[in-house]
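Trainee: I have a protein model open beside its sequence, and I would like to learn how to read it step by step. Could we go through it together?

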Amino acid sequence: MTETDHPTICPRCAFETIGRLATSPVPGVWDVLQCGRCLYTWRTIEPARRTRRDAYPEQFKMTVADIENAIEVPAVPPLRSAG
């Protein structure tokens with residue numbers, strides 16, 4: 001992933017390890033990226049306020065301390081059984 005293709009830091013926590021989770025079925029249209037620290041996930045075609053650190057809303061930015069002191073990451077509830 002190059003700097004011109006995708007951001008090199010997380011928009012939410014500024015971590016420098018960004019992974020690619022998925023790629024659009026049509027090559028080159030979009031990728032789904034995820035931060036390796038805070039797990040923020042976004043699609044590359046989203047607006048700058050979701051994809052670029054300098055445009056990300058201040059009130060939602062996180063620091064290492066915010067992440068380390070988070071009480072809990074909400075669990076995904078179990079699927080309802082078909083019945």
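Trainee: How many helices and how many strands does the secondary structure of the protein come to?

Mentor: Please keep in mind from the start that this is a predicted model. Reading along the sequence, we meet the pattern β-β-β-α-α. Counting the elements by type, the secondary structure comes to three strands and two helices.

Trainee: Is the protein compact or more spread out, judged by its radius of gyration?

Mentor: For 83 residues the globule rule gives 12 Å, whereas the radius of gyration of the protein is 15 Å, which is well over that value. The C-alpha trace spans about 45 × 35 × 20 Å along its principal axes. Because the radius of gyration lies well over the rule, the protein is, compared with a compact globule, more spread out.

Trainee: What percentage of the 83 residues is buried?

Mentor: A residue counts as buried when its relative accessible area is under 20%. The accessible surface of the whole protein comes to about 6300 Å², and 55% of that surface belongs to carbon and sulfur atoms. Of the 83 residues, the buried ones make up 23%.

Trainee: Which residues make up the largest nonpolar core?

Mentor: To belong to such a core, residues must be buried and joined through side-chain atoms within 4.5 Å. One member of the largest core is C10, and, leaving aside residues up to four places away in sequence, C10 touches F15, I18, C35, C38, Y40, W42 and R53. The largest nonpolar core has nine residues in all, and they are C10, C13, I18, L33, C35, C38, Y40, W42 and Y56.

Trainee: Where does L39, which has a positive phi although it is not a glycine, have its place?

Mentor: The phi of L39 is about 70 degrees. With a relative accessibility of 49%, L39 counts as partly exposed. Its place is in the loop between strand 2 (31–35) and strand 3 (41–43).

Trainee: Is A14 buried, partly exposed or exposed?

Mentor: A14 lies in the segment before strand 1 (18–23), and its phi is near 70 degrees, a positive value in a residue other than glycine. The relative accessible area of A14 is 30%, and the class in between runs from the 20% limit for buried to the 50% limit for exposed. A14 is therefore partly exposed.

Trainee: How far apart do the centres of the positive and negative side chains lie?

Mentor: The protein has 10 positive side chains and 10 negative ones. Taking the centre of each set, we find that the two lie apart by 7 Å.

Definitions and conventions:
Residues numbered from 1 in each chain as written. Predicted model: local features only at pLDDT ≥ 70, side-chain atom pairs only at ≥ 80, totals over all residues. Heavy atoms only, no water. Helix = DSSP H or I, 4+ residues; strand = E, 2+ residues; numbered from the N terminus. Rg over C-alpha atoms; globule rule 2.2 N^0.38 Å. Buried < 20%, exposed > 50% of the residue type's maximum accessible area, 1.4 Å probe, protein only. Areas by Shrake-Rupley, 256 points an atom, 1.4 Å probe, with all protein chains shown as cover. Lys, Arg positive; Asp, Glu negative; His and termini not counted. Charge placed at Lys NZ, Arg CZ, Asp CG, Glu CD. Contact = heavy atoms within 4.5 Å.
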